[in-house]
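Biologist: I am new to reading protein models, and I would like to learn how to go from a picture to careful statements. Could we take one feature after another, with the general idea before the case at hand?

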Amino acid sequence: RVANLTSLLKELKEEGIWVFGAAAEGSTSLYQADFKGPAAIVIGNEGTGMGRLVRQSCDVLVRIPMRGRISSLNASAAAAVLLYEAVRQRK
């Protein structure tokens with residue numbers, strides 16, 4: 001359990017780890033993000049997403065391209081999609 005996520009993200013960044021946040025309004029498409037290096041992926045909660053300070057702590061906000069009338073995925077589905085793409089890029 002992490003007491004302060006913002007502090008943890010700062011520590012990770014100091015260690016050279018890129019922090020990717022999943023956000024529907026992210027400026028970078030999932031397929032444009034480079035997950036090949038050291039990376040941490042942050043998924044917000046299903047109701048309100050990431051908090052403001054956590055969002056600001058991310059190096060990149062990544063969006064999952066969606067088609068049709070669905071505008072977002074639940075947290076576990078979003079995590080699965082991002083992790084799958086990270087693994088795919090590393091092969």
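Biologist: Let me begin with contacts: which residues does Thr28 touch, not counting residues up to four places away in sequence?

Modeller: Before the answer, please keep in mind that this is a predicted model. The general idea is that two residues are in contact when heavy atoms lie within 4.5 Å. Here Thr28, which lies in strand E2, touches Ala33, Val60, Leu61, Val62 and Arg63, once residues up to four places away in sequence are set aside. Ser29 lies in strand E2 as well, and with the same kind of neighbours left out, Ser29 touches Val62, Arg63 and Pro65.

Biologist: Is Thr28 buried or exposed?

Modeller: The general idea is to look at the relative accessible area, where under 20% is called buried and over 50% exposed, with partly exposed in between. Thr28 has a relative accessibility of 17%, so it counts as buried, and Ser29, with a relative accessible area of 9%, is buried too. For a contrasting case, take Gly47, which is found in the loop between strand E3 (39-42) and H2; its relative accessible area is 71%, and therefore Gly47 is exposed.

Biologist: What does the order of helices and strands look like from the N terminus on?

Modeller: Reading such an order means walking along the chain and writing down each element in turn. In this chain the elements run α-β-β-β-α-β-α, and they amount to three helices and four strands.

Biologist: How many salt bridges are there?

Modeller: The idea is to look for a side-chain nitrogen of Lys or Arg within 4 Å of a carboxyl oxygen of Asp or Glu, and by this rule the count comes to three. In one of them, the side chains of Lys13 and Asp59 meet with 3.3 Å from N to O. That pair links distant parts of the chain, 46 residues apart, with Lys13 in helix H1 (residues 5-14) and Asp59 in the loop between helix H2 (52-57) and strand E4 (60-63). Lys13 is partly exposed at 33% relative accessibility, and Asp59 is likewise partly exposed, with a relative accessible area of 33%.

Biologist: Where do Arg55 and Glu25 lie?

Modeller: The side chains of Arg55 and Glu25 form another salt bridge, at 2.4 Å from N to O. This pair too links distant parts of the chain, for Arg55 is in helix H2 and Glu25 in the loop between strand E1 (18-22) and strand E2 (28-29), 30 residues apart. Arg55, with a relative accessible area of 26%, is partly exposed, whereas Glu25, with 52%, is exposed.

Biologist: By how much of a helical turn are Arg88 and Glu85 separated?

Modeller: Arg88 forms a salt bridge with Glu85, and the closest N and O atoms are 2.7 Å apart. Both residues belong to helix H3 (residues 75-90), and because they are three residues apart there, about one helical turn separates them. Arg88 is partly exposed at 44% relative accessibility, while Glu85 is buried, with a relative accessible area of 3%.

Biologist: What is Leu73 in contact with, leaving aside its neighbours within four places in sequence?

Modeller: Leu73 is found in the loop between E4 and H3, and the contacts that remain are with Ile64, Met66, Ala78 and Val81. With a relative accessible area of 36%, Leu73 is partly exposed. Distance in sequence and distance in space are separate quantities to read, and for Leu73 and Arg63 they are ten residues and 11 Å, C-alpha to C-alpha.

Biologist: What radius of gyration does the chain have, and what would a compact globule have?

Modeller: The idea is to compare the chain with an expected value for its number of residues. With 91 residues, a compact globule would have a radius of gyration near 12 Å, and the chain has 13 Å, which agrees. Buried residues make up 31% of the 91 residues. Finally, among contacts between residues at least 6 apart in sequence, 69% join residues at least 24 apart.

Conventions. Residues are numbered from 1 along each chain as its sequence is written. This is a predicted model: local features need pLDDT of at least 70, side-chain atom pairs count only at pLDDT 80 or more; totals for chains, interfaces and linings use all residues. Side-chain values use heavy atoms; hydrogens and water are left out. Helices (H or I, at least four residues) and strands (E, at least two) are DSSP runs, numbered from the N terminus. Buried means under 20% relative accessible area, exposed over 50%, partly exposed in between (1.4 Å probe, protein chains only). The radius of gyration is taken over C-alpha atoms; the globule rule is 2.2 Å times the number of residues to the power 0.38.
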